Amino acid sequence: MPTMLVTGGAGFIGANFTHYTVRHHPRWRVVVLDALTYAGDRASLGPVAGDITFVRGDICDADLVDRLTAEADVVVHFAAESHVDNSLHDPEPFLRTNVVGTFRLLEAVRRHGTRLHHVSTDEVFGDLPLDSAQRFTEATAYDPSSPYSATKAASDMLVRAWARSYGIRATLSNCANNYGPYQHVEKFIPRQITNVLRGERPRLYGAGVNVREWTHVDDHNAAVHLILEAGRIGETYLIGSGDERSNREIVELILDTMGRPVDAYDHVPDRPGHDLRYANDTSKIRTELGWRPVYDDIAAGLSATAGWYRANEWWWTAHKERAERRYQELGR
């Protein structure tokens, strides 16, 4: 069996990718590397634990990364620090994981000739005007706004440099905001869902006018597999559902989905440097690879996601207590 190394495979998107691979692409032997920092949870891999190999370790551990890469046919690189608020409070872990960790992996890939797919975010492009039909494309200039997006931008540039200078076989993808099962409750959608489940009011940054293009994690991971199978080496593909909603609309949709009054939420101080709008032009992946999202309307995806959190309180309760203490410290 060919071997796929999934870095950050106990985090939100990585864990769902691992589930998706086991379920839909059983020809792969999957090895997950994860440091199990606060955002990684081995319990997220429980349903597929017997089908994968799990290695606890740091992406910055050059010897470990080299050994695992040498044994892999493909590396899918999810490992990253990814929460904007945390990056604003303490940027250093983002520099270490997102920049140094990606460098360690690139050097291992270069030595062993292993195929790499690097997973990134549309936040590297900065933001778009609220009153515009403009969308990011693969050619959009980078203009990151936070330590998180700046370090992800740096990691993207490193991958491109290693592809150009050393000829590594790499592809990249930049996805719109994801949602779905196993997402840490510090993130926007699960925070609101779990507040409602605990009988508390959702909390909305500022006026809630900021707009995001929301993509279900399974749609994202289906796109990554298409890129692995048919994407052109050296190319970047943008991923997104096409469904744009303001943060206020999302909160109100969650409340309506969960049977609560749509105005039962509170406003909190806005995040510093809060990007206005993200939206991706996904014509390239749709035209070249035939990708289409299953959840092109977030309402169905949100209903399924709320149902998952309702049925899996055991998974998120401990995370919730820590996350809310942190938000209290930040006044948000």
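Reader: Hi! Which residues does I189 touch, not counting those up to four places away in sequence?

Author: Hi! This is a predicted model, and in it I189 touches Y179, W214, I250, I254, I298 and L302.

Reader: Thanks! And which residues have the most contacts inside the largest nonpolar core?

Author: Those are I189 and I298, in a core of 25 residues. The elements that give two or more residues to this core are α6 (188–197), α8 (247–257), α10 (298–311) and α11 (313–330).

Reader: Cool. Switching to the sheet: what is the order of its strands?

Author: The order is β3-β2-β1-β4-β5-β6-β10, an open sheet of seven strands with parallel pairing. From one strand to the next, the twist averages 20°.

Reader: Which strands stand at the edges?

Author: β3 (52–56) and β10 (236–239) do. Each has a single partner strand, so one side of each is left without a neighbour in the sheet.

Reader: How many bridges are there between β6 and β10?

Author: Four, with β6 (residues 170–175) and β10 pairing in the parallel sense. As an example, L172 has T236 in β10 as its bridge partner.

Reader: Nice, I'll look for that pair! Which strands does helix α7 touch?

Author: Helix α7 (residues 217–230) packs on the sheet and touches β1, β4, β5 (115–121), β6 and β10. Its direction makes about 145° with that of β5.

Reader: Last one: which residues does the "domain: NAD(P)-binding" annotation cover?

Author: According to the unreviewed UniProt entry, that annotation covers residues 5–295. In the model, this span is 38% helix and 18% strand, and its end C-alpha atoms lie 27 Å apart.

Definitions and conventions:
Residues are numbered from 1 along each chain as its sequence is written. This is a predicted model: local features need pLDDT of at least 70, side-chain atom pairs count only at pLDDT 80 or more; totals for chains, interfaces and linings use all residues. Side-chain values use heavy atoms; hydrogens and water are left out. A nonpolar core is a set of buried Ala, Val, Leu, Ile, Met, Phe, Trp, Tyr and Cys residues joined through side-chain atoms within 4.5 Å. Buried means under 20% relative accessible area, exposed over 50%, partly exposed in between (1.4 Å probe, protein chains only). Contact means heavy atoms within 4.5 Å. UniProt positions are given in the numbering used here, feature names are shortened, and annotations may be inferred rather than shown by experiment. Two strands pair if DSSP finds at least two bridges between them. Axes are lines fitted to C-alpha atoms, for helices over the stretch in contact, and angles run from 0 to 180 degrees between N-to-C directions.
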